[in-house]
Number of protein chains: 2
Amino acid sequence: MPPSPCSLQVNGAANTVQIASNPPHYLQGVDSLASIKRYGCDQEICGEACPAVYWFRVISGGARQCITRADGRRQIVELLLPGDFFGFCARNEYDFSVEAVAEGTRIACYPRQRIEATAERDPALARELRMLAFEAISRSQAQLLIVGRLTATEKVGGFLLAMSGRLSVGPADVVALPISRYDIADYLAISVETVSRSLTELRRRGLIAFTGTRRVRIIDRHSLEDLHGLSMQRRVPSFKPRFAA
Amino acid sequence: MPPSPCSLQVNGAANTVQIASNPPHYLQGVDSLASIKRYGCDQEICGEACPAVYWFRVISGGARQCITRADGRRQIVELLLPGDFFGFCARNEYDFSVEAVAEGTRIACYPRQRIEATAERDPALARELRMLAFEAISRSQAQLLIVGRLTATEKVGGFLLAMSGRLSVGPADVVALPISRYDIADYLAISVETVSRSLTELRRRGLIAFTGTRRVRIIDRHSLEDLHGLSMQRRVPSFKPRFAA
DNA sequence: CGAGTGGTTGAAATCCGTCAAGAATAGTGG
DNA sequence: CCACTATTCTTGACGGATTTCAACCACTCG
């Protein structure tokens, strides 16, 4: 878990620095090494095959981490919201690109070399990095199940629930979607039209309501959680009992 | 990259131990802490929600790492072959299960606590662990693109190429598939029947040939690599130019 | 106001999953 | 070594969930 909040002390004085870090987060111990950059909507934060000089953390706004094929097909592999880290890669070049999804997205950029050098001497920092990496593994593997084995409506319903969980600062039942339908589509690996149709379907069934194009109110959370097979379509893709096991 | 090969010396004698580690691999420095276990086909190596006591490495044989939903839908999130590590998780319980896919699969089990304790004092080990984790992130994110955005035939063709790359010890054009059609299906998130049909299709087009049910010869590697859109179906799922970008 | 973009909806096409039945293979025990 | 069986694999027919193609609406912004 992240270390408890602390105010950085510079020059011996008691003034807190701009990287004051309201919510506690990983890598707080090396925040002093990080620089903060601002990005416009759709602006590229790091590009595929670019030298991996930084690790990043979203401070405010959001970003999408994408992998793109030569023919243009794109998959958003991670939706990055405040507090999320990204930029980890095994080689010396990023194998993905990351773009801001909101105007004025602020990103903390940690110089990789220096952080790694620090980690050589600071086991606690090394452990934090490891935890961050392990969490990323869990997330993308969970996403594999979602992308591969859920129906479109299940994907969209689950996405709304996930967003309500991650963005919860208020009643948690009103979700302000941080990305467009196009991005939702590329995140869930379905088409834009299907995203739209699924949302309409959920509204029609009374599980959600719209207070704006990108503002959803979750009305029947329970049914939304039970979407799979129960409330929605009977079909469950590719589950074969395979005899008696 | 993994450290260079070394033969463990026990009791001062010059005899190499069973953990002789022919191909160099990560975590070699702590091989002496690992125990080796043997598993039968389909036998569970670690189960979902079980206490995460070990990290693992496949020595011989193979395994599938799965995430399963309550309703039975399953996704193989990683296909583990000799040299591959697994068992990393952010919490104290595995959020996946792993089962052997071959009779007599041998697994090296590294006690997590002890390895982590060692890593506290050994920055090089910590760096190795980090690299292993980063590679796992890259792999599963790449798999997300495959599962989400490729057609069935592209998936199967790419799978054959990937296997030929990972299993290459011989001519590299004859691939001995390590898993059943069912497992290929759950790995690529398609149905068994579609796996079978795609293989037949590739054979019909002269890109591959069978020397046995689970032995494939790659005949036209180039066409196999160019599958997307070119040699195969014209359709490319969900790529919309989205106006002028 | 018109252009540009995001979002929704409809109709038609299609890929793929399901269901079903065989064929091929592997495993077992006599 | 050969039935005999269980399992894997293949193939066909069919239906359905999604994609594609197309049109339209809403909103923003110059």
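**Exercise 1.** Which side chains meet in a salt bridge with an N to O distance of 2.8 Å?

*Solution.* The model is predicted, so local features need pLDDT of at least 70 and side-chain atom pairs count only at pLDDT 80 or more, while totals for chains, interfaces and linings use all residues. Residues are numbered from 1 along each chain as its sequence is written, chains are lettered from A and ligands numbered from 1 in the order in which they are written, and side-chain values use heavy atoms, without hydrogens and water.

Step 1. Apply the salt-bridge rule: a side-chain nitrogen of Lys or Arg within 4 Å of a carboxyl oxygen of Asp or Glu.

Step 2. Glu99(A) and Arg64(A) are the pair at 2.8 Å.

Step 3. Place the partners in DSSP runs (helices: H or I, at least four residues; strands: E, at least two; numbered from the N terminus). Glu99(A) belongs to strand E7 (residues 97-100) of chain A and Arg64(A) to strand E4 (residues 63-68) of chain A, so the pair ties together parts that are 35 residues apart in sequence.

**Exercise 2.** Describe the interface of chain A and chain B.

*Solution.* Step 1. Count contacts (heavy atoms within 4.5 Å): 58 residues of chain A touch 58 residues of chain B.

Step 2. Take the buried area, the accessible area (1.4 Å probe) that two parts lose on being put together, summed over both. The value is about 5300 Å², with 60% from carbon and sulfur atoms. On the chain A side, Arg73(A), Leu144(A) and Arg149(A) lose the most area, together 15% of what that side buries.

Step 3. Eight salt bridges cross this interface. Glu116(A) forms a salt bridge with Arg130(B), with the closest N and O atoms 3.3 Å apart.

**Exercise 3.** How do helix H2 (residues 123-149) of chain A and helix H1 (residues 112-121) of chain B cross?

*Solution.* Step 1. Fit axes as lines to C-alpha atoms, for helices over the stretch in contact, with angles from 0 to 180 degrees between N-to-C directions. The two axes come within 8 Å and cross at roughly 135°.

Step 2. Classify the angle (under 35 degrees roughly parallel, over 145 roughly antiparallel, 65 to 115 roughly perpendicular, the rest oblique). H2(A) and H1(B) are therefore oblique to each other.

Step 3. List the contact: Pro123(A), Arg127(A), Arg130(A) and Met131(A) of H2(A) meet Glu116(B), Ala119(B) and Glu120(B) of H1(B).
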